[in-house]
Every structure is written in C-alpha cells, then in structure tokens.
Amino acid sequence: MQSFTYDQPAARVVFGAGALARLADEVKRLGASRVLVLSTPEQEKEADEAARHLGSEAVGVFSRAVMHVPIETAREARETAKRLGADCCVAIGGGSTIGLGKAIALESGLPILAVPTTYAGSEMTPIYGLTEDGIKKTGRDRKVLPRTVIYDPELTLTLPPRIAGPSGMNAIAHCVEGLYALDGNPIISMFCAEGIRALARSLPKVVQSPGDLSARSEALYGAWLAGTVLGAVSVGIHHKLCHTLGGTFNLPHAEVHTVILPHAVVFNSKAAPAAMRITAEALEAETAGRGLYDLAVKVGAPISLRDIGMPEDGLERAAELATQNPYANPRPVDYAGVLALLRNAYEGVRPE
Ligand code: NAD
C-alpha cells in the first residue's frame with residue numbers, strides 16, 4: 001500500500017528552441033523591470049545577448065561567476081545588485097552562475113529567472129552553496145528557487161562534448177538516486193525513469209553530432225526532469241561520495257559523478273532491486289551498473305578516479321569521511337563496502 005509526501009517546489013518552465021526570445025515577457029510576468037544579468041566570464045557574450053533582449057529593463061551585467069560560489073564573489077554581486085537597484089536576476093549559464101544568483105536571492109529575496117546552459121539541474125532546486133575559507137557550505141531555502149526557468153536548447157549547442165557527456169551523467173545520477181530515495185514517491189519515480197531514458201538516448205548523439213538540435217533538446221528535457229528530482233527528494237551514498245571527493249580532493253564535479261555512479265549502483269543493488277530494474281530498463285541494459293558504465297564509455301567521459309586526479313593513497317581517507325554522517329541510503333553505509341566501491345572506481349573496472 002502506498003504512503004508518501006509529495007512536496008514539489010514549483011517553478012514556471014518555458015521550454016523550446018529559441019525560447020530566449022521570450023525573456024523580456026517572462027521578466028515582465030514576474031513584475032520586474034530592473035534586471036541584473038549574471039554569467040561566467042566565458043559566457044559574457046550570452047549575457048550580453050540576454051541584456052539585448054531585455055533592452056532598457058537590463059540595468060547591468062555581472063560576468064564574474066565562478067565554480068562553487070566563493071563568498072567574495074557573492075558579496076561583490078550582492079553589492080552590484082544593490083547599487084543598481086535591481087529587482088530581478090537573470091542567471092544565464094550552468095550551476096556556477098545559477099549558484100551566484102541563489103547567493104544574491106538568499107540575502108535579498110530577489111527573484112531569479114534562470115536560463116540553464118548545462119545539465120547540472122541547479123535551476124530546479126532550493127539548494128544553495130557558498131564557499132568560505134575553502135569550505136563549501138550548502139543549505140536549502142525556497143527563497144533561492146528560481147521563479148521561472150527558460151530552457152533553450154539552442155544555447156547548449158556550444159556545450160563541448162567533453163563537458164556535455166559528464167554533465168549529462170551527473171543529471172542521470174540525480175535520477176538514479178531519486179529512484180531509491182527513502183523519501184521518494186511515485187510521481188518523482190516517473191520523472192527519474194523518463195529522465196534516464198531521455199538522457200541515455202540523447203547523450204551519445206549530442207557527443208557524436210554536437211550540432212544535432214533535436215538531441216540537444218532531448219538532453220535538456222532530461223536534465224530538467226533530473227533537476228526536478230534533485231530538488232524534490234534526498235540523495236544517498238553516490239552524492240555523499242561525490243561531495244566528499246569533490247570537496248576534499250578537489251576533483252571535477254561532473255566527472256566524479258560519472259566515475260562513481262556505476263559503482264554506487266552496484267553497492268546499492270541488492271538493497272534497492274526495483275530501482276535497479278527501472279534504471280536498467282531505461283538504459284536498455286542488462287544491469288544498471290553495466291549500463292551506466294557503458295554509457296559513460298560511449299559518451300567519452302572518464303571512467304576511473306585515477307584519470308581525474310584522485311591520489312591512490314587518499315582512498316581510505318575518502319572511505320572514512322563518507323562513512324561519517326552518511327546520507328540516508330537503502331544499504332547501510334559501511335567502511336569496507338565503501339572502500340571496495342572506491343577501489344573499483346579508482347581502477348575504473350566494469351561492474352560484474
Ligand atoms: P559550470 O556552471 O561551472 O560551467 C562549466 C563551464 O562551462 C563554465 O566555464 C561555463 O561558462 C561553461 N558553459 C556552461 N554552459 C555552456 C554552454 N552552453 N556552452 C559553452 N560553455 C558553457 O558547470 P555546471 O556543471 O553546470 O555546474 C557546477 C556547479 O554547480 C558546482 O559548483 C555544483 O556544486 C553546482 N550545482 C549545484 C546544484 C544545486 O542544486 N545547488 C545542482 C547541480 C550543481
């Protein structure tokens with residue numbers, strides 16, 4: 001018999017090729033008229049284009065977003081928003097830029113309109129992160145959830161295959177863990193299965209034919225579903241390991257997700273058989289672990305921790321850290337099991 005709580009923070013979603021042209025209308029819909037546009041230095045061109053769409057409603061462009069939202073950058077952006085009298089932020093870019101928008105919203109309550117250009121999914125979550133003295137602290141606050149999200153697959157055409165592959169695998173990881181989340185529910189499970197299906201179908205095409213707009217569109221649709229999952233339910237051993245490895249050993253975010261995922265799935269396979277069956281079916285694979293590993297190979301993403309800079313003598317420390325205050329997980333998180341998982345991920349072995 002089913003029993004669950006469905007608590008989905010809702011955002012308005014506008015999806016489609018060329019949807020950026022609707023930016024000015026969507027800003028008006030929010031009742032805003034003084035917009036600060038945010039981006040990374042690499043995506044300043046996109047930010048300028050967004051400002052052009054907004055005309056006189058754009059009061060400035062802040063293009064200094066960087067990974068993990070350093071507190072100094074957040075302070076600078078908050079002051080810029082205040083000085084310009086901004087009443088809305090448009091964040092155009094990946095998780096780093098949307099994260100900067102969240103840092104502004106956390107303090108000021110300014111509404112965010114997000115225009116995501118990667119598959120990380122931050123735009124659909126009330127999760128924020130700020131890094132101070134090298135330590136990243138995260139929290140949840142509905143204030144930081146973007147009010148409107150414009151998904152325009154045309155903006156992802158420039159996402160290079162070496163970023164698109166791991167970014168898509170990162171999105172799949174949200175879906176896989178959503179399927180066995182202890183606070184999961186049947187609606188979110190539908191999002192998970194459809195998200196895995198859409199991403200597994202489209203990512204190989206995105207990587208092989210970067211100009212294929214219909215594959216780009218399907219991948220972004222999958223990423224939307226995956227972001228929704230991340231915002232709605234809790235995550236387990238996979239995300240815990242990725243946060244530990246990223247934070248302590250400074251490994252690249254999406255690549256760590258790609259490498260760990262098949263092994264985290266094997267770790268949980270006996271404790272979450274239904275989730276494994278749904279994942280394998282969505283991947284059209286024999287088992288979830290092998291399907292995820294083979295997909296990573298197919299999209300040219302890294303498959304071993306060794307290849308992304310993990311020191312071998314750090315594996316035991318990582319296993320210790322990941323077993324302290326573990327996230328809720330279907331299988332109890334034990335040191336020996338996690339160390340074995342990490343050794344397999346270090347070597348990049350294909351799951352049995
Ligand atoms: P990112 O935002 O750091 O982007 C990586 C690089 O790719 C940047 O230089 C960016 O300018 C560039 N880029 C982005 N889109 C592009 C495009 N379409 N074409 C060309 N270049 C493009 O990477 P990310 O993986 O999207 O985000 C990672 C960050 O987001 C991490 O800090 C992670 O912790 C955070 N995150 C947060 C949440 C959340 O819910 N709060 C969710 C996922 C990720």
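A polar contact is a pair of N or O atoms within 3.5 Å. In this predicted model, one such pair links the ligand to Thr117: a ligand nitrogen atom sits 2.7 Å from an N or O atom in the Thr117 side chain. Two further residues approach oxygen atoms of the ligand through polar side-chain atoms. For His68 the distance is 2.9 Å, and for Gln43 the corresponding value is 3.0 Å. The ligand on its own would expose 860 Å², and 85% of that area is buried by the protein.

The surroundings of the ligand can be described residue by residue. The shell holds 23 residues, and those that come nearest are Thr40, Ser96, Thr117, Thr118 and Thr125. Thr117 therefore appears twice in this picture, being among the nearest residues and also supplying the side-chain atom at 2.7 Å from a ligand nitrogen, a distance that falls within the 3.5 Å limit for a polar contact. Sorted by class, the shell is made up of 13 polar, 7 nonpolar and 3 charged residues. Helix 4, which spans residues 95-108, makes the greatest contribution to the shell, with 3 residues.

Turning to the protein as a whole, the fold contains 13 helices and 8 strands. Along the principal axes, the C-alpha atoms occupy a box of roughly 60 × 45 × 45 Å. A compact globule of 352 residues would be expected to have a radius of gyration near 20 Å, and the value for the protein, 20 Å, agrees with this. Of the 352 residues, 57% are buried. The protein exposes about 14700 Å², with carbon and sulfur atoms supplying 50% of this area. Contacts also reach far along the chain: when residues at least 6 apart in sequence are considered, 75% of their contacts join residues at least 24 apart.

Thr228 offers a helpful close-up of one buried position. This residue belongs to helix 7, which covers residues 213-232. Is Thr228 buried or exposed? Its relative accessible area is 4%, and because buried means under 20%, Thr228 counts as buried. Once neighbours within four places in sequence are set aside, the contacts of Thr228 are with Gln8, Met124, Ile188 and Phe191.

Notes. Residues numbered from 1 in each chain as written. Predicted model: local features only at pLDDT ≥ 70, side-chain atom pairs only at ≥ 80, totals over all residues. Heavy atoms only, no water. Helix = DSSP H or I, 4+ residues; strand = E, 2+ residues; numbered from the N terminus. Buried < 20%, exposed > 50% of the residue type's maximum accessible area, 1.4 Å probe, protein only. Contact = heavy atoms within 4.5 Å. Near = heavy atom within 4 Å. Polar contact = N/O pair within 3.5 Å; in protein donor to acceptor, adjacent residues only side chain to side chain. Areas by Shrake-Rupley, 256 points an atom, 1.4 Å probe, with all protein chains shown as cover. Nonpolar A, V, L, I, M, F, W, Y, C, P; charged D, E, K, R; others polar. Rg over C-alpha atoms; globule rule 2.2 N^0.38 Å.
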